[in-house]
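Visitor: I would like to learn how to read a structure that is new to me. Could we take the features one at a time?

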Amino acid sequence: VITSYAEVLAESDVLSDDKIKQLSQFHIWSDPYIATRRNWMPDKPMKAVFLKVFKVPEFEIPLKSEYQGCKSWIDINANLSSGESALGQEEIELRLEKFREIVN
């Protein structure tokens, strides 16, 4: 069931624990999860991605065998409406500016 989609507006590798803490306002990950991830692959940075999320009328995509596994390039051939942004443009711009201040 699809209820939304997202557009990537910014992304950055994040190595600093301080920057990860500053980004807490942008995600739902718990501190223990972040610590587990950082300890699992300490030499690889966390990837911070700022998304603009669009709400669309709910619809269902039938699960096909070719969709199994990591195949994010599959075109689901859905007739999507453009959707409505979850946040207003002014709010997105304010949050995006704050995100960029942290990651840069």
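Visitor: Which residues lie nearest the centre of the largest pocket, and how many residues line that pocket?

Guide: The general idea comes first. Rolling a probe the size of a water molecule over the atoms shows where empty space is left. Bear in mind that this is a predicted model. Here the largest pocket has 21 lining residues. Nearest its centre are Phe26, His27, Val49, Phe50 and Leu51. Two elements, strand S2 (46-59) and helix H3 (89-103), give two or more residues to that lining. The volume of the pocket is about 540 Å³.

Visitor: Which element gives the most to the lining of the largest pocket, and what is the lining like by class?

Guide: S2 gives the most, with eight residues. By class, the lining has 15 nonpolar residues, three polar ones and three charged ones.

Visitor: How much space lies in the second largest pocket, and which residues line it?

Guide: The second largest pocket holds about 150 Å³ of space. Its lining consists of Asp17, Ile20, Lys21, Ser24, Asp31, Ile34, Ala35 and Arg38. Helix H1 (17-22) and helix H2 (31-40) each supply at least two of these residues. The largest share comes from H2, with four residues. By class, this lining has four charged, three nonpolar and one polar residue.

Visitor: Let us turn to the fold. In what order do the elements run from the N terminus on?

Guide: The order is β-α-α-β-β-α. In total, the chain has three helices and three strands.

Visitor: How are the strands arranged in the sheet?

Guide: Strands of a sheet pair through backbone hydrogen bonds, either parallel or antiparallel. In this model the three strands form an open sheet in the order S1-S2-S3, with antiparallel pairing. Strand S1 (2-14) and strand S3 (84-85) are at the edges and have a single partner strand each, so one side of each is left without a neighbour in the sheet.

Visitor: How many bridges join S1 and S2, and how many join S2 to S3?

Guide: S1 and S2 pair over 11 bridges, while two bridges join S2 to S3. To follow the pairing by residue, start from Asp13, whose bridge partner in S2 is Lys47. Glu11 is placed opposite Val49 in S2. On the other side of the pairing, Lys55 has Glu84 in S3 as its bridge partner. Val49 also appears in the pocket, among the residues nearest the centre of the largest one.

Visitor: Where does H3 lie relative to the sheet?

Guide: H3 lies across S1, S2 and S3, and runs at about 160° to S2. H3 is also one of the elements that line the largest pocket.

Visitor: Now a single residue. Is Met46 buried or exposed?

Guide: The test is the relative accessible area, and buried means under 20%. Met46 has a value of 6%, so Met46 counts as buried. Met46 belongs to strand S2. Leaving aside neighbours within four places in sequence, Met46 is in contact with Ser12, Asp13, Val14, Ile20, Trp29, Arg37 and Arg38. Of these, Ile20 and Arg38 also line the second largest pocket.

Visitor: How far apart are Met46 and Leu15 in sequence and in space?

Guide: They are 31 residues apart in sequence and 6.4 Å apart in space, C-alpha to C-alpha. For the whole chain, consider contacts between residues at least 6 apart in sequence: 80% of them join residues at least 24 apart.

Visitor: What share of the chain is made up of buried residues?

Guide: Buried residues make up 20% of the 104 residues.

Notes. Residues numbered from 1 in each chain as written. Predicted model: local features only at pLDDT ≥ 70, side-chain atom pairs only at ≥ 80, totals over all residues. Heavy atoms only, no water. 1 Å grid on protein atoms, 1.4 Å probe; cavity = no way out; pocket = protein on both sides within 12 Å on 5 of 7 lines; lining within 4 Å. Points joined across faces, edges and corners; volume = space filled by probe spheres on them. Nonpolar A, V, L, I, M, F, W, Y, C, P; charged D, E, K, R; others polar. Pairing = 2+ DSSP bridges. Contact = heavy atoms within 4.5 Å. Axes fitted to C-alpha atoms, helices over the stretch in contact; angles between N-to-C directions. Buried < 20%, exposed > 50% of the residue type's maximum accessible area, 1.4 Å probe, protein only.
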